[in-house]
Structure formats: structure tokens, C-alpha cells
2 protein chains.
Amino acid sequence: MYQIGEVATLAKVSIRLLRHYDEIGLLAPSGRSEAGYRLYAHGDLQRLQQILFYRTLEFPLEEIKRLMTAPGFDRHAALLQQRELIRRKAQELGAVLDLLEHTIAGIDPSGQEKNTMSTKEMFEVFPDMKQEYQDEAQERWGNTDAWKQSAARWSKYTRADMERMKQEMAQVFGQLEKVFAAGTRPDAPAAIAAIEAQRLLSDKWFYDCPKELHVKGTEWVARDERYVRNIDKNCPGLAAWMHQAAKANLTAG
Amino acid sequence: MYQIGEVATLAKVSIRLLRHYDEIGLLAPSGRSEAGYRLYAHGDLQRLQQILFYRTLEFPLEEIKRLMTAPGFDRHAALLQQRELIRRKAQELGAVLDLLEHTIAGIDPSGQEKNTMSTKEMFEVFPDMKQEYQDEAQERWGNTDAWKQSAARWSKYTRADMERMKQEMAQVFGQLEKVFAAGTRPDAPAAIAAIEAQRLLSDKWFYDCPKELHVKGTEWVARDERYVRNIDKNCPGLAAWMHQAAKANLTAG
DNA sequence: TTAGGGCCTCACGCAACGGGAGAGTCAATC
DNA sequence: GATTGACTCTCCCGTTGCGTGAGGCCCTAA
């Protein structure tokens, strides 16, 4: 059991931060001394490490909390995902570097511009990732050989991961179909539970997907028609029902 | 002249951000339309680009403002420095990646830990190190005034950075020694190539160093006698030869 | 002339802490 | 046993960097 100060020096964060994380319920120390001192166990440190990884990726704390306290949270999968996201961030930095080089090349040391950059060029990298990814995805997925190209993004998962995903997906969708087939209304508790399970699973596997592929909240149905059609082919009407359920889930939460 | 919305889409930032930067006097548009619309000129876009580079580096806006409105502000130098800092950031990310790999390797896919990481290891990278490295630096540079002044600057390096630097330095100096030992004249192409490599590396690692420790261009020989003595201890005559080579490099370039 | 964008200025809100103030705790030392 | 100094606690206010309306003007196009 470590005191708060020890943890702070170990993890190179401030004591205030640790107290803050306790306050918001993100990282509650697993014990307290008689005097009320926070006492952190090894597991708490592991959790802190995870949190810091997420923070490096600029996830909002609230999101981190949601992810990590979700019933199906899988540390190994999370680490793989984080690795992938960090790789991508590194690439983005690389792009910024390229832009810098380009900019530097465009002026000489005296500060005079040799050849003016176009206004488009000037910002051709700053990663407002949201927009960028959406464009990229649109471009990517608008094409016929889209599936081929998608292989790249999936390549980060191992075969075992994929198996696990398929199984988990199958289970969740099986549950959804069952509830749907039973004629359950989309705002019934059973439906909401099922759709929430699906949402959690989506978050787990697709969190870093561009929105077009991203099944999240109520949005996805409108976004990815291919996905919707597939669902409806297997079970006509299910997609729309899921959409309703997701809405009900949102207003319920 | 661009309207605020155009600038926003170009630079992929929000309109609110632009207004905010105007409010705090960081980026005032160089004109207004009759109706009071903000009008941005090309120069404003350049300035915005710079600001965004700084923001990528997480400089506080107040600091960015201070830097950019300072009388001696040099765009070219700023870009070089930004490039260096971004490189460093990328390296830090690399260190995080290493830690992630290490962590992943320590557990198996089922989530069971194979071999527990030590608590120290667990955090051995998160933006970090001040203390550890300062000790090393103190040992190396002694308690000189120069060291005091440069302590802040060095505290920015991670331990991984230092490792990398040492390796790269060793390589470059190895090459220098080899060329020198072969009796090459300091104005020969091989010598110039070697000294240029050294200069580039210096720029990379010491760009924003105080001059006392700063190995740059031909300057360093006169500045840091300790450094020179060290070089000569390892390889008598090399320092002077490097000085010559650096001069030849300057006149050649 | 009316609708639909785009723009304006307040003005309040929020996340993620930083930084005290005031007070208890704990081990070592006088 | 009393004091000292380092460590901790709980409020609670402050700050940065915007997000997000509200309410209202500008401007073109139908």
C-alpha cells in the first residue's frame, strides 16, 4: 500500500491530480488508513497507468471512466487499442513535421518568403482528426474496393482477437435478434439492455474507427448504409428497431 | 481577405477559437468590413499557422503571444525550434509506445499477468524524468554556472532521449575520429561531411541550449573548454582539427 | 419581402486541474 | 512530552481554452 505522495512521485503526477481522480470516481484508492490517508494498492497503480495512457491520447476523463468501469472492460484489448492510437498519433506528428519542413523550405533564413505557400497547403495537416478522418473514410469507403483497403486497419488485431470479436459480436447480435423477434418494444428494458451491450462492444472494438464505420450511440444507422443493409438482410426490420432502441437508451441514460 | 468562416474551414479550427484568439489579442484580423465582419489577410493566416504549431506543442496561449509579439521574433528561427520540439515530442511518444509494448508483453491475451511489472517500470516514461536526468547532467557538467542556467532546458529530455543522443553522438564522433585518424585534411570532402553530420546532430539536440553548452556551427570550440578538453583527451588534436573542418564547412556551404 | 446563411457581441458553462487555507497525523528529535 | 517538519486531509476559489446558446444585424437569392 502506497501513500498518495509515493504514488505521485512514482507516476510523476501531482498529488492534486490523484485527489481529483478520486473525487470524480476515476481512481479511488482501494483503502484508507485510520487517519483517513489514501492507500493505493498495486492494482490501483495498474489502473493509473491505463488512465495515463488514455490521457496521453487525450480521452476525456469521463470517457475513460465509462470505458474502464464498463462491465466488459478488457485490459489486453485496451492496451492493443491504445498502442494503435498512439501509433496513429505519432504519424500525425510526422505529418506536422512534414508541413514544418515544407514551410521552412518556403522561406529563407532571413525570413523572406521565396515561394508563398498556398493557403490550403498552409494547414494541410493540423489534425482536427474528426474532420480529417471523416474525409479520409469517405474517400476510402466510397470506392468499390473499399473492403480491401479496410484490411489495413483491421490488421492491428491478431487472429485470436478477431475470433473473440466475432464471437462477442455474434452473441450480442443474437441477443438483439432474440429480443426483437419476441416483439419487444424498442424502449422496453430488455431492448435497452441489449442495445447497450452492443454499444459497449462497439466502443471496445471500434472506438477509433471513423464515424462512417463507427457504430456508436444512435448515429451509426444513418451513417453506414452498408452495415444497415447487412443487418436487415439477416433480420428485416432489426436495424430500424435498433435505431429506436438506441434512442430510447440515450434518453433513458 | 477571408471571412472568419473561410479561415475556420481552411485551418480546421472553430470560429469560436478564432474569435477567442482575437479577444485575447493573439490573432487580430487585419481588417473589418463595414458591417463589422472580421477580415483576415494572408499574413494573418501565416500567423495562425505559427500559432497552431505552438499549440501542437502545448504552449500556453499567453506564452505564444509573448513570443510572437516580442521585438526580436524571428519566424525562421521559430520554425526551426518548433521542428526540433516536435521531433522531441515524437520521440516521447515513441517512449510511450515502448512502455506499452512492454506492458502488453507482460500480460497474456486473457488478461492474466505473466510477470508483474515493477512499480517503477510501470511509469518509466510518462513525461517525466526531471530528477533522474538532472543527476546525470550534474555529474557530467559539474556544478558550474552554465549548468545551472541550462538545467531547465535539459530537464525536457527523457531518459530515452538521452540514450538515443548518446548513441547518435557516439556514432558521429566515431566517424570523426576515424576520418581524423586516417590523416584526412580538415578541408577534404570526407572531413566536411563528417563535421556537417556533427553540426546537424548538434542542432537537433542543442538547438535551444544556452551558448555555454551549445555546440553549434563553429562556435562551440571557443565556448566550452571542458568539452574540448574531453575530446582531446580521447583523441589528441581532434578538437583543433574539427575546428578547421567546421570553418571549411562554413566557407564551403 | 421573406427565407436562409453567415456574422456580430455578450455571457454563462465546463473540464482538468493548480494553489492556497486551515487543520489533523506521524516519526524523529530536543 | 513537547516541538518540529514532513505528509496528509477537506473545503473552496482561480485559471485556461475554448463550447454553446441567446438575441440581433447583414446579405444574397428566390
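H3(A) and H4(A) cross in a right-handed sense. The model is predicted. Helix H3 of chain A spans residues 42-56, and helix H4 of chain A spans residues 61-69. They pack at an angle of about 135°, with their axes 10 Å apart. That angle makes H3(A) oblique to H4(A), because it falls outside the ranges for roughly parallel, perpendicular and antiparallel, the last of which begins over 145 degrees.

Which residues build this contact? From H3(A) come A:Arg47, A:Gln50, A:Ile51, A:Tyr54 and A:Arg55. They meet A:Ile64, A:Leu67, A:Met68 and A:Thr69 in H4(A). By class, the contact of H3(A) with H4(A) holds five nonpolar, two polar and two charged residues.

A:Arg55 leads on to the DNA. An N or O atom in the side chain of A:Arg55 is 3.3 Å from a phosphate oxygen of DNA strand C. A:Arg55 also belongs to the contact between H3(A) and H4(A).

Now take DNA strand C as a whole. There are 20 residues around this strand. A:Ser14, A:Tyr21, B:Arg19, B:Tyr37 and B:Arg38 come nearest. On the DNA side, sugar and phosphate account for 73% of the atoms of strand C that come within 4 Å of the protein. The backbone of B:Gly5 takes part too: one of its N or O atoms lies 2.9 Å from a phosphate oxygen of DNA strand C. A base is reached as well. The side chain of A:Arg16 has an N or O atom 2.8 Å from a base oxygen of DNA strand C.

Which helices supply this surface? Helix H2 (15-23) of chain A, and helices H1 (4-11) and H2 (15-23) of chain B, each give at least two residues. H2(A) gives the most, with four residues. The surface near DNA strand C has nine nonpolar, five polar and six charged residues.

Turn to DNA strand D. Of the 20 residues around this strand, A:Gly5, A:Arg19, A:Arg38, B:Ser14 and B:Tyr21 come nearest. Sugar or phosphate makes up 74% of the strand D atoms within 4 Å of the protein, and bases make up the rest. B:Tyr21 has a side-chain N or O atom 2.8 Å from a phosphate oxygen of DNA strand D. Two residues approach base oxygens of strand D. A polar side-chain atom of B:Arg16 lies at 2.8 Å, and a side-chain N or O atom of A:Tyr37 at 3.2 Å.

On the strand D side, H1 (4-11) and H2 of chain A and H2 of chain B each supply at least two residues. H2(B) provides the largest share, four residues. The surface near DNA strand D divides into nine nonpolar, five polar and six charged residues.

Technical notes. Residues numbered from 1 in each chain as written. Chains lettered and ligands numbered in written order. Predicted model: local features only at pLDDT ≥ 70, side-chain atom pairs only at ≥ 80, totals over all residues. Heavy atoms only, no water. Near = heavy atom within 4 Å. Polar contact = N/O pair within 3.5 Å; in protein donor to acceptor, adjacent residues only side chain to side chain. Nonpolar A, V, L, I, M, F, W, Y, C, P; charged D, E, K, R; others polar. Axes fitted to C-alpha atoms, helices over the stretch in contact; angles between N-to-C directions. Parallel < 35°, antiparallel > 145°, perpendicular 65-115°, else oblique. Left-handed = near helix turned anticlockwise from the far one by under 90°. Contact = heavy atoms within 4.5 Å.
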